[in-house]
Amino acid sequence: MESNSKTIVWFRRDLRIEDNPALAAAARNGSVFPVFIWCPKEEGQFYPGRVSRWWLKQSLIHLEQSLKSLGAELVMIKAQSTLSALLDCIEAVGATKVVYNHLYDPVSLVRDHNIKQKLGELGISVQSYNGDLLNEPWEVYDDDGKVLTAFDAYWEKSLRLQKEPVSHLPPWKLIPAAGSVKMCSVEELGLENELEKSSNALLGKGWAPGWSNADKALTEFIENQLLAYSKDRLRVGGNSTSLLSPYLHFGEVSVRKVFNSVRLKQILWTKEGNSVGDESARLYLRAIGLREYSRYICFNFPFTHERSLLNNLKFFPWNADQAHFKAWRQGRTGYPLVDAGMRELWATGWIHNKIRVIVASFFVKFLLLPWQWGMKYFWDTLLDADLESDIIGWQYISGSLPDGHELERLDNPEVQGFNYDPEGEYVRHWLPELARMPAEWIHHPWDAPLTVLKAAGVELGMNYPNPIIDVDVARDHLMQAIFIMREKEAAANAADANGTNEVVFDNSENVGDSANPKVVKGKVPCPSSSSYDQRVPSMQKGCTNKKRSKPAEEEKKIKDNWLSCKIKNEGKISNADDDLCSTAESCSMKKQMTTSRNSFSVPQAISKSYDIKSFDGEASSHVKLQNEEAIDMEINSCKNGAIAE
């Protein structure tokens, strides 16, 4: 036990003091130096949107107060390089150790692995912990060591692997490590500007960020809403779900605590013979499982933020129509349930999960817009924007997951409106122009008699749009697109069989060839002494693992070279792939980012300015897939040992 050690506790998306394994480990071993590093440059294409940054700011204020009450000050730093900032902190306090909790998205995996390697080379001990998941992504495989790509198989295996509940109580007291670095206040981080503050003020009326508020929200849900979850969860409008997702995203409540609390209720209800409660708990735990699954898939297949998991959409003829994209964003498609959802999203940063599925399905199936555009817009606008969960959600409705929606499935928004908003209350709330429409016609005003429209004050094409596309026409377009896709795929397969296609693709092109791709699980030593080490994904078959080179000049640039990520495109990319890789550009990214190796390149012909007041102007961006060489291709596990609970 290193009772006199000085440890940097690096906070990221684990903004809590309860059940925080990194903080608990540091507090046990000596003095601590808590630090939060805000590095907009490294956020790249996934720079958070306005409402997400508001939540982060409020959560940091809450964490800062909590740590101060325990005796340690949260050091907040705005930096150009996370590695440089950490090195400054280490030098300032004479720290010999850095601890943090794992993240699993591709950008974080690259950054964290490189930082761990560089600090290890300098003799700094680095320990990382599981503070975000029930099971680490590298712990759940089938009997042959393959990735379980279907959710049901993954969740069944995960539940079987569940260990005894372990929780880390908040430390009673923290001993601060002496030393000072150039730090800033939460205002100086620049998480919101003056123009955003008036809009953000409204968010505080409906939400209370912070880890202790997360605890209250969890208790409220379990005691008052969980029992009815099975019958209320699909009711749009109102608080029919737990509303815990933003707290979970920022790590203000641990997923272990949520799981164990719900599981305890389930055990009690099962003992009492309460089948409704048992089913509600089962369904909610399944929702937790989907969050776990999202990180599992994104860890094992780090290309999924740009390409579909399965190979099915490689030749899909996307319709990159900016006018349709704008109409969808503004809630002007002419389909009331879709429009209500999109206007609620813009106004509040929040929509019910069922509405998310409906608007996303309309986006892909009716408008044939690239799913990456929609995913990026969700990232820019959702209060609980979560890269891994959004990736899985959009791939689910695009037919890109083994047990997702079929690509051929086209759900009618009119029918869905009567299923999930039968009285039209949700639509009337968010579409005031339809407030006087009778429930009978609220979800298909275009069919209403002229007298009904006149009495309701609705002028189709004037104060409310006609449908952007007819359902039958949309179905024909979707079937035609699928036919073209399959023709192109057949032609490509024939060219491969004849040996005339010499294009070389990276491994992600072959993911669809097998339902259970093989993951190499070799082990190599690492420079850290931790037995709780973060692992990084391995390459799939057909690609060579390479160890990172260490040229002399790299040592000279150790503070600046935070990301040894290479964009590598082997072979040609078809026009279909060009469309597939297009993504809506973040307005906040344009303000914050300069061009870098991992930023989007915006075609000049379609680039526009982003006008917040009019919803207008995200441009599409042409993206080339980053090869998995950007992520260290070796599974970097230090030595056998228990994963931190």
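**Exercise 1. Decide whether Asp386 is buried or exposed, and list its contacts.**

Step 1. In this predicted model, Asp386 has a relative accessible area of 5%. Buried means under 20%, so Asp386 is buried.

Step 2. Asp386 sits in the loop between α16 and α17, the latter covering residues 387–397.

Step 3. Setting aside residues up to four places away in sequence, Asp386 touches His249, Arg295 and Trp379.

Step 4. One of these partners, Trp379, is among the buried residues of α16.

**Exercise 2. Find how many residues of helix α16 are buried.**

Step 1. Helix α16 runs over residues 371–381.

Step 2. Eleven of its eleven residues are buried, and the helix is mostly covered. The buried set includes Trp371, Trp373, Phe378 and Trp379, and also Lys376 and Asp380.

Step 3. For the chain as a whole, buried residues make up 58% of the 645 residues.

**Exercise 3. Place Tyr284 in the structure and state which residues it contacts.**

Step 1. Tyr284 belongs to helix α12.

Step 2. Its relative accessibility is 5%, so Tyr284 counts as buried.

Step 3. Apart from neighbours within four places in sequence, Tyr284 is in contact with Phe221, Leu226, Tyr229, Ser242, Leu244, Val258 and Val262.

**Exercise 4. Describe the largest nonpolar core and say which helix gives the most to it.**

Step 1. The largest nonpolar core has 79 residues, and those with the most contacts inside it are Phe36, Leu60, Leu189 and Tyr284.

Step 2. Helix α12 (residues 275–300) gives the most to this core, with nine residues.

Step 3. At least three residues of the core come from each of domain 1 (5–166 + 183–295) and domain 2 (322–474).

Step 4. Another core lies apart from this one; its 63 residues include Leu313, Leu431, Val452 and Leu453.

Step 5. As for Phe36, its contacts include Leu60 and Leu189, along with Phe11, Leu15 and Ile77, when residues up to four places away in sequence are not counted.

**Exercise 5. Determine which residues of the UniProt "binding site" set belong to the lining of the largest pocket.**

Step 1. The unreviewed UniProt entry lists Tyr229, Thr241, Ser242, Leu243, Leu244, Ser245, Tyr284, Asp384, Ala385 and Asp386 for "binding site".

Step 2. From this set, the lining of the largest pocket takes in Tyr229, Thr241, Ser242, Leu243, Leu244, Ser245, Tyr284, Asp384 and Asp386.

Step 3. Two residues from the earlier exercises return here: Tyr284 and Asp386 are both in that lining. Among the contacts of Tyr284, the residues Tyr229, Ser242 and Leu244 are also in the UniProt list.

Terms used
Residues are numbered from 1 along each chain as its sequence is written. This is a predicted model: local features need pLDDT of at least 70, side-chain atom pairs count only at pLDDT 80 or more; totals for chains, interfaces and linings use all residues. Side-chain values use heavy atoms; hydrogens and water are left out. Buried means under 20% relative accessible area, exposed over 50%, partly exposed in between (1.4 Å probe, protein chains only). Helices (H or I, at least four residues) and strands (E, at least two) are DSSP runs, numbered from the N terminus. A nonpolar core is a set of buried Ala, Val, Leu, Ile, Met, Phe, Trp, Tyr and Cys residues joined through side-chain atoms within 4.5 Å. Domain bounds come from an automatic or database domain assignment. Contact means heavy atoms within 4.5 Å. UniProt positions are given in the numbering used here, feature names are shortened, and annotations may be inferred rather than shown by experiment. On a 1 Å grid over the protein atoms alone, a cavity is a set of points where a 1.4 Å probe fits but cannot get out, and a pocket is an open set with protein on both sides within 12 Å along at least five of seven lines; lining residues have an atom within 4 Å of a point.
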